[in-house]
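Open the model in your viewer and keep the selection panel at hand. The tour goes through the empty spaces inside the protein and then turns to the ligand.

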Amino acid sequence: MPSSRPHHPPETEGERFAVIDPATGEAFDEAPDQRPDALDAVVARAHEAWRGWRADPAARATALRAAADTVEAAGADLAPLLTREQGKPLAESYAEITRTAARLRYFAELDPGPQPIVDGRPVRSEVRWRPLGPVAAIVPWNFPLQLAAAKFAPALAAGNTVVLKPSPFTPLATRLLGSVLSTALPEGVLTVVTGREPLGARLASHPGIRHVTFTGSVPTGRAVAAGAASSLARVTLELGGNDAAIVLDDVDVERIAERLFWAAFRNCGQVCMAVKRVYAPARLHPHVVEALAQRAKAAVVGAGLDPGTQLGPVNNAPQLARVERYTARALADGARAVAGGHRLDRPGYFFAPTILTDVPADSPVVTEEQFGPVLPVLAYRTVDEAVEAANSTGFGLGGSVWGTDLDRAEAVADRLECGTAWINHHAELSLAQPFAGIKDSGVGVAGGPWGLYGNLRPFVVHRPEET
Ligand code: NAD
């Protein structure tokens with residue numbers, strides 16, 4: 001039965017590590033630095049809890065609905081903590097909590113009922129969907145709660161138990177979330193572990209884990225897949241992106257500029273599916289650059305807890321160094337910063353929203369994932385050239401096409417090699433749709449019923465009509 005523990009994370013013995021507020025660059029709290037050998041007991045408990053959790057789908061759905069309510073009720077505790085450790089504006093933290101609860105509610109209603117196999121034979125044969133066992137969920141720092149829920153909601157709804165590991169840059173809101181959820185879920189069904197590496201590596205390769213669902217960078221994703229191979233656990237990998245937006249020559253620049261700007265700069269550009277490259281027709285290129293630069297200069301950059309802030313800091317020092325490195329290299333390659341181009345002269349990890357023009361197509365800011373508040377705008381001559389450039393990187397997460405003639409825009413979008421293509425939007429996702437990157441952007445499918453089945457295995461029962 002659910003416990004009635006209060007909403008604060010359990011005390012854990014042992015080492016702790018500092019958690020930094022990116023708006024100041026100063027440590028403001030600590031989290032337990034759990035060692036890899038602590039996972040044996042955690043995974044054993046997840047196995048134990050699995051017996052009861054998998055047994056009763058109706059009770060599970062009820063618990064997940066209750067869990068969604070507790071998350072929403074704890075919003076005033078969760079949101080400021082999330083902003084403090086992640087950096088995002090407070091309103092965006094609240095939105096993330098709403099999306100966390102929405103995922104629990106959505107998956108609570110999905111029912112993977114039995115599916116008859118109809119093939120003309122005189123047998124009754126059907127697929128019954130069964131859970132896998134303890135699932136490891138490993139999550140990055142850009143949307144700690146929402147991405148965690150995108151993993152644990154389908155895994156739990158399918159009847160699995162979960163061991164959740166947040167990034168060491170953002171462990172606190174997730175720990176609090178775990179504590180909040182423990183008031184609605186039975187003991188051991190969802191356990192949050194925090195710690196520095198090799199905690200994640202050990203979790204990914206733990207012999208008691210049956211599915212590793214990971215969101216993060218491509219190199220870590222490869223390491224996770226290699227680790228999971230040792231126990232032959234299933235892997236779902238949601239990895240990096242470098243999404244292109246192709247602006248067509250019939251576009252109304254003023255009409256789309258605001259939406260295009262925020263598709264690139266929301267969460268300080270730290271979105272796997274942010275617009276990371278804009279391709280504009282040569283004739284409109286100066287106009288597109290100017291419209292985006294105006295917005296970059298006007299955006300209110302500040303601490304996420306300050307009212308009015310639109311863009312917070314970059315989340316952490318290595319990420320800030322990465323953004324600086326890509327920008328400096330682009331400028332050295334001949335690019336011009338029409339807005340920004342430098343970090344801000346203030347404490348914390350602030351980088352000015354940056355619009356780059358005259359960027360060589362092979363500069364790493366175009367070909368790789370910089371994951372920050374920087375946007376190169378490139379000119380093209382033909383639509384074929386733009387499509388080829390959009391498809392030319394190793395990533396394949398999302399893409400978008402912007403124009404007035406929607407049929408023409410859709411025909412261009414259809415040529416993008418990625419998991420999701422939008423027209424006059426970017427990164428608008430429904431809970432009911434599949435989410436699957438191609439190439440280096442991922443393996444497996446999350447989202448919608450596909451996300452549920454990603455946490456289930458088919459079990460076939462074959463029975464003749466007569467003895
Ligand atoms: P990261 O790969 O450095 O870390 C992700 C998680 O893996 C963290 O919890 C980290 O502690 C853990 N980890 C680190 N080393 C590990 C190892 N050897 N084994 C197992 N776990 C390990 O990524 P990040 O910097 O936290 O996040 C940014 C990246 O995440 C970007 O590449 C971004 O595109 C990607 N991302 C992808 C999606 C998506 O849905 N495709 C969504 C958000 C972010």
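**Cavities, then ligand**

This is a predicted model, and it holds 4 cavities of 30 Å³ or more.

**Stop 1: the largest cavity.** Select Arg277, Ala390, Gly398, Glu417 and Cys418. These are the residues closest to the centre of the largest cavity, out of 17 that line it. The space inside comes to about 100 Å³. Next, colour β10 (243-247) and β15 (398-402); each of these strands supplies at least two residues of the lining. Colouring the lining by residue class gives 6 nonpolar, 7 polar and 4 charged residues.

**Stop 2: the second largest cavity.** Select Thr213, Thr236, Ala446, Gly451 and Asn455. Of the 13 residues that line the second largest cavity, these lie nearest its centre. Three elements give two or more residues to this lining: α5 (144-157), β8 and β9 (234-238). Which of them should be shown first? Take α5, as it provides the largest share of the lining, 3 residues. The volume of this second largest cavity is about 90 Å³. By class, its lining divides into 4 nonpolar, 7 polar and 2 charged residues.

**Stop 3: the ligand and its shell.** Now select the ligand and display the residues around it. There are 28 of them, and the closest are Val139, Ser217, Thr220, Leu239 and Glu369. By class, the shell is made up of 15 nonpolar, 9 polar and 4 charged residues.

**Stop 4: polar atoms at the ligand.** Zoom in and draw three distances.

- Val139: a polar backbone atom of this residue is 2.7 Å from an oxygen atom of the ligand.
- Leu239: here too the protein side is a polar backbone atom, 2.6 Å from a nitrogen atom of the ligand.
- Glu197: a polar side-chain atom of this residue lies 3.5 Å from a nitrogen atom of the ligand.

How much of the ligand's surface does the protein bury? Taken alone, the ligand exposes 850 Å², and the protein buries 88% of that. To see which elements take part, colour α7 (199-204), β8 (211-215) and α8 (218-229), which give two or more residues each to the shell around the ligand. Strand β8 was already on display at the second largest cavity, where it also gives two or more residues to the lining.

**Stop 5: the two domains.** Zoom out and colour domain 1 (16-239 + 432-463) and domain 2 (243-423) separately. Why does the ligand lie between them? Both domains give residues to the shell around the ligand, so the ligand lies between the two.

Key. Residues numbered from 1 in each chain as written. Predicted model: local features only at pLDDT ≥ 70, side-chain atom pairs only at ≥ 80, totals over all residues. Heavy atoms only, no water. Near = heavy atom within 4 Å. Polar contact = N/O pair within 3.5 Å; in protein donor to acceptor, adjacent residues only side chain to side chain. Areas by Shrake-Rupley, 256 points an atom, 1.4 Å probe, with all protein chains shown as cover. Helix = DSSP H or I, 4+ residues; strand = E, 2+ residues; numbered from the N terminus. Nonpolar A, V, L, I, M, F, W, Y, C, P; charged D, E, K, R; others polar. Domains from an automatic or database assignment. 1 Å grid on protein atoms, 1.4 Å probe; cavity = no way out; pocket = protein on both sides within 12 Å on 5 of 7 lines; lining within 4 Å. Points joined across faces, edges and corners; volume = space filled by probe spheres on them.
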